[in-house]
Number of protein chains: 2
Amino acid sequence: MPERLDDTDLLFKALADPSRRKLLDLLHAHDGQTLNDLCEHLDMTRQGVTQHLGVLEAAGLVTVVWRGREKLHFLNPVPLQEIYERWIAKFEKRRLKALSDLKKRLEKSND
Amino acid sequence: MPERLDDTDLLFKALADPSRRKLLDLLHAHDGQTLNDLCEHLDMTRQGVTQHLGVLEAAGLVTVVWRGREKLHFLNPVPLQEIYERWIAKFEKRRLKALSDLKKRLEKSND
DNA sequence: TTGACATGCAAGCTTGTTATTGCATATAAA
DNA sequence: TTTATATGCAATAACAAGCTTGCATGTCAA
């Protein structure tokens, strides 16, 4: 049976591939591109790109709107914000504390 | 031949596994734990945990110090900060702009 | 209504990842 | 110096990921 993946896993796995990160950059540069637009910048078949976009969609990083026979892709940065809060800000506090402890130690050693 | 991975790739791939994220949380809760300490919280063999820690080390997220026959593990949050700057702050600006555009549109529609 | 275009769906190949088992080595403790 | 502890290294098996090829479908334009 296929393993059930939670949202965090979908998100980090989506980001763990250079082609997908490139797609995010492409959409950041110009939102609302069609599949064909995006394909022109990646060195793989259209079907490969489709699969990557599917992963980004499943992770909630990309939203799709159909216009006739064209599929327009839009970036959704909200999940990135969630990563920040859960996985960066939390660990950042520790880093800042370490710096401040170091500072205190240095000041103390100057006594 | 094995594909050469850049730093960003090592970092995101390191984060793309729930066991490794759990290890980061464990070290965040209590830094400097030995391999055996960490093993007690994961449902896999010691060797499995060793391999995960190797991935975290390669990504620069964990640093190791030997004390006799014990291996102590320390968290390094600096690479997370780099992710923030390159992959979150950048996209966050777009999100804030979208919100501000929405606000302007709403204000306009109230005229 | 025909042909070109934009895309979907699915099978299959190749490679990478995760975890295991088995054995080896170095350090500490009895 | 023997035994237990903490760990490393390597081969392998099971599974997942990435990409391709081939064909199908819906939409637009002449």
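Which element supplies the largest share of the surface near DNA strand D? The largest share, 4 residues, comes from H4(A).

This report describes a predicted model, in which local features need pLDDT of at least 70, side-chain atom pairs count only at pLDDT 80 or more, and totals for chains, interfaces and linings use all residues. Residues are numbered from 1 along each chain as its sequence is written, chains are lettered from A and ligands numbered from 1 in the order in which they are written, and side-chain values use heavy atoms, with hydrogens and water left out.

**The two protein chains**

A turn of 180° with a shift of 0.1 Å along the axis lays chain A on chain B with an RMSD of 0.1 Å; this is the relation of a two-fold axis. The superposition is by least squares on the C-alpha atoms of residues with pLDDT of at least 70 in both copies. The copies meet through the same surface, because 100% of the interface residues of chain A are also interface residues in chain B.

**The sheet of chain A**

Helices (H or I, at least four residues) and strands (E, at least two) are DSSP runs, numbered from the N terminus. Chain A holds an open sheet of 3 strands in the order E1-E3-E2, with antiparallel pairing. Its edge strands, each pairing on one side only, are E1 (33–34) and E2 (62–67). Two strands pair if DSSP finds at least two bridges between them; E2(A) and E3(A) run antiparallel and are joined by 6 bridges. Arg67(A) has Glu70(A) in E3(A) as its bridge partner. Helix H2 (residues 18–29) of chain A lies across E1, E2 and E3 of that chain and runs at about 90° to E3(A). Here axes are lines fitted to C-alpha atoms, for helices over the stretch in contact (heavy atoms within 4.5 Å), and angles run from 0 to 180 degrees between N-to-C directions.

**DNA strand C**

A residue is near a strand if one of its heavy atoms lies within 4 Å of it. DNA strand C has 21 residues around it, of which Asn36(A), Arg46(A), Lys71(A), Thr45(B) and His52(B) come nearest. Sugar or phosphate accounts for 62% of the atoms of this strand within 4 Å of the protein, and bases for the rest. At least two residues each are supplied by H3 (35–39), H4 (46–58) and E3 (70–75) of chain A, and by H4 (46–58) of chain B. H4(B) gives the most, with 4 residues.

**DNA strand D**

Around DNA strand D there are 21 residues, the closest being Thr45(A), His52(A), Arg46(B), Arg69(B) and Lys71(B). Of the strand D atoms within 4 Å of the protein, 58% belong to sugar or phosphate and the rest to bases. The surface near this strand has 3 nonpolar, 10 polar and 8 charged residues. In this division Ala, Val, Leu, Ile, Met, Phe, Trp, Tyr, Cys and Pro count as nonpolar, Asp, Glu, Lys and Arg as charged, and the others, Gly among them, as polar.

**Polar contacts with the DNA**

A polar contact is a pair of N or O atoms within 3.5 Å; within protein, one must be able to donate a hydrogen and the other to accept it, and residues adjacent in sequence count only if both atoms are side-chain atoms.

| Protein residue and atom | DNA atom | Distance |
|---|---|---|
| Leu35(A), backbone N or O | phosphate oxygen, strand C | 3.3 Å |
| Lys71(A), side-chain N or O | phosphate oxygen, strand C | 2.8 Å |
| His52(B), side-chain N or O | phosphate oxygen, strand C | 2.2 Å |
| Thr45(A), polar backbone atom | phosphate oxygen, strand D | 2.7 Å |
| Arg69(B), side-chain N or O | base oxygen, strand D | 2.8 Å |
| Lys71(B), side-chain N or O | phosphate oxygen, strand D | 2.7 Å |
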